[in-house]
Amino acid sequence: QVQLVESGGGLVQAGGSLRLSCAASGSIFSINAMGWYRQAPGKQRELVAAITSGGSTNYADSVKGRATISRDNAKNTVYLQMNSLKPEDTAVYYCNADLIRYYSVRSENYWGQGTQVTVSS
């Protein structure tokens, strides 16, 4: 089985920073894209940032210039550094990965359990 476990969420003041981590574990042959999504109360889940296995990145307009996504392929881990946090960044942040398990020929999509980020004004 495959697990994605997030860490690093919490309460931070506006203008502050935090770093989220997500480690994928289990019977993983390779990981393609990894990303971070977020969902605020009453809103749809939205993409925050994504990164391919080759390191190409994509960011939501709302976080461009404030967020940096990176990954350590050797550790099957993806990170999200968020700076200049705003109250509107408050949400549950979810890790996502497209990966191929051992003995599988197809890519599958997995989600982490989510980590709460709360930005106080």
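1. Taking contact to mean heavy atoms within 4.5 Å, threonine 52 touches Asn32, Ala33 and Arg71 in this predicted model, once residues up to four places away in sequence are left out of the count.

2. Threonine 52 sits in the loop that runs between strand S5 (46-51) and strand S6 (57-59), and with a relative accessible area of 34% this threonine is classed as partly exposed, because that class covers values between the 20% limit for buried and the 50% limit for exposed. Its C-alpha atom is separated by 23 Å from that of aspartate 89, a residue 37 positions apart from threonine 52 along the chain.

3. Strand S1 (residues 2-7) shows an alternating arrangement of side chains, in which Val2, Leu4 and Glu6 point to one face and are buried, whereas Gln3, Val5 and Ser7 point to the other face and are not buried. Such alternation between the two faces of the sheet is what a regular strand shows in general.

4. Strand S1 pairs with strand S3 (residues 18-26) in the antiparallel sense, over six bridges, and within this pairing glutamine 3 has serine 25 of S3 as its bridge partner.

5. The structure holds one disulfide, formed by cysteine 22 and cysteine 95, whose sulfur atoms are 2.1 Å apart. The torsion about the S-S bond is about -80°, so the disulfide is left-handed. Because cysteine 22 lies in strand S3 and cysteine 95 in strand S9 (residues 91-101), the pair ties together parts that are 73 residues apart in sequence.

6. As for the surroundings of the disulfide, cysteine 22 counts as buried at 0% relative accessibility, and cysteine 95 likewise counts as buried at 0%.

Key
Residues numbered from 1 in each chain as written. Predicted model: local features only at pLDDT ≥ 70, side-chain atom pairs only at ≥ 80, totals over all residues. Heavy atoms only, no water. Helix = DSSP H or I, 4+ residues; strand = E, 2+ residues; numbered from the N terminus. Buried < 20%, exposed > 50% of the residue type's maximum accessible area, 1.4 Å probe, protein only. Pairing = 2+ DSSP bridges. Disulfide = S-S within 2.5 Å.
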